[in-house]
Amino acid sequence: MQTLTTIPDIQDWLNHQKAQGKTIALVPTMGGIHRGHFALIEAAKKVADIVIVSIFVNPTQFGENEDLATYPSMIEKDKRLLIEYDTDILWLPNEKDLYPLDESFQIKAPSIANQYCGVSRPVFFHGISLVVLKLLNIIVPHTAFFGEKDYQQLHIIKLLVKDFFLPTQIITVPTVREADGLAMSTRNQYLSHQQRQTAIKLYQILCWAKIQIEQNQDILTTKNTAIKRLKSIFTFDYFEIIDSTTLQPVNQPIQNMYIITGVYLSKIRLIDNIKINYVQN
Ligand code: AMP
């Protein structure tokens, strides 16, 4: 695995590869590499000749009271894991290179960015959109891989690619879970043993609600019961049953539904989602 840092270095390297007709996949991450990231790399390897994994903890997506300063950073361990996983290129851009202006341009994402995760993290999706636009503009990969774990983020990135006519295909990878169902996340390592036992209840409640709706139980009743249960366990943020194409809440069952949720355990943020396989009679 080669590690590249500066933008000219990676672009020179890429020009050489592209001239030879190689296809390029980008897997953007914030490090703290785990099996969820591996699934993205695995999927990327299947379609591209060269897989670039980027690690960059993007400051513009963190609000003032969020965990930018304490976000897990373990670059040496990440490097070892990525080598084991046969990654071609690790790209470690630095902040000055990605944000060369004293005052950066801003991106105002569409209003969906202000719902769900965007309520408690008001700058999050605007910052994500800005950095993903920069990463995709620098690399111009044929494909870029994102996890379904961050469902709202995925939706907004697809809108970004469409609205800015970016020539990259966005490929979605299903959520990778621990054996007990907890969605893998870099932030899980903050969880104490006891919090780890509690965290699993998030997925259990999602599964319960999914089954209720698949069995034709009323959506609002299911939602209210799930919220009550979440509130008894976690610091509640949001829980919504949505149309997966628009991300807007539904009150009546439709073909394509997801449940998305976010909670806090102490200060640790957990998000998750699940697809509803609803068969209309
Ligand atoms: P992060 O490093 O948390 O910003 O995540 C980088 C990429 O990995 C994003 O596209 C995430 O959606 C994806 N990802 C994170 N956790 C998982 C998971 N458990 N399963 C699948 N993809 C994931």
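S129 is buried, at a relative accessible area of 2%. This residue of the predicted model lies in helix α6. Beyond residues up to four places away in sequence, S129 touches I107, A109, I156 and L160.

Helix α6 also matters for the count of core residues. The largest nonpolar core has 47 residues. Eleven of them, the largest share, come from helix α6, which spans residues 124-139. Six members touch the most other members: I10, I52, W91, L98, V132 and I139. The surroundings of W91 were listed without its neighbours within four places in sequence. On that basis W91 is in contact with L4, T5, T6, I7 and I10. Contacts of W91 also include I52, V53, S54 and I55. L135, I138 and I139 complete the list for W91. Another core lies apart from the largest one. That core has 27 residues, among them A209, I227, L265 and Y278. In soluble globular proteins, nonpolar side chains tend to be buried together.

Helices α8 and α9 were examined as a pair. Helix α8 covers residues 193-214, and helix α9 covers residues 219-233. Their axes come within 10 Å and cross at roughly 170 degrees. The crossing angle is over 145 degrees, so α8 is roughly antiparallel to α9. On the α8 side, the contact involves T198, K201, L202, I205, W208, A209, Q212 and I213. On the α9 side, the residues are I219, T222, T225, A226, R229, L230 and I233. By class, nine residues of this contact are nonpolar, four are polar and two are charged. A209 thus appears both in the contact of α8 with α9 and in the core of 27 residues.

Strand β6 holds I170. I170 is buried, with a relative accessible area of 15%. Leaving out residues up to four places away in sequence, I170 touches A144, F146, L154, I157, K158 and V161. The separation of I170 from S111 is 59 residues in sequence. In space, their C-alpha atoms are 21 Å apart.

Cysteines were checked for pairing. A disulfide is a covalent bond between the sulfur atoms of two cysteines. A search of the whole structure finds zero disulfides. C117 is in no disulfide, and the nearest cysteine sulfur, that of C207, is 19 Å away. Seen from C207, the closest cysteine sulfur is in C117, and the 19 Å between them is too far for a bond. A disulfide would need the sulfur atoms within 2.5 Å. C117 counts as buried, at 5% relative accessibility. C207 is partly exposed, with a relative accessible area of 22%.

Backbone angles were also considered. Most residues other than glycine have a negative phi. Y116 is not a glycine, yet its phi is positive, at about 50 degrees. Y116 lies in the loop between α4 (95-98) and α5 (117-120). At 7% relative accessibility, Y116 counts as buried. F165 is another residue other than glycine with a positive phi, near 55 degrees. The loop that holds F165 runs between α7 (151-163) and β6 (169-173). F165 is exposed, with a relative accessible area of 73%. Of these two loop residues, Y116 is therefore buried, whereas F165 is exposed.

Note on methods:
Residues are numbered from 1 along each chain as its sequence is written. This is a predicted model: local features need pLDDT of at least 70, side-chain atom pairs count only at pLDDT 80 or more; totals for chains, interfaces and linings use all residues. Side-chain values use heavy atoms; hydrogens and water are left out. Axes are lines fitted to C-alpha atoms, for helices over the stretch in contact, and angles run from 0 to 180 degrees between N-to-C directions. Helices (H or I, at least four residues) and strands (E, at least two) are DSSP runs, numbered from the N terminus. Angles under 35 degrees count as roughly parallel, over 145 as roughly antiparallel, 65 to 115 as roughly perpendicular and the rest as oblique. Contact means heavy atoms within 4.5 Å. Ala, Val, Leu, Ile, Met, Phe, Trp, Tyr, Cys and Pro count as nonpolar, Asp, Glu, Lys and Arg as charged, and the others, Gly among them, as polar. A nonpolar core is a set of buried Ala, Val, Leu, Ile, Met, Phe, Trp, Tyr and Cys residues joined through side-chain atoms within 4.5 Å. Buried means under 20% relative accessible area, exposed over 50%, partly exposed in between (1.4 Å probe, protein chains only).
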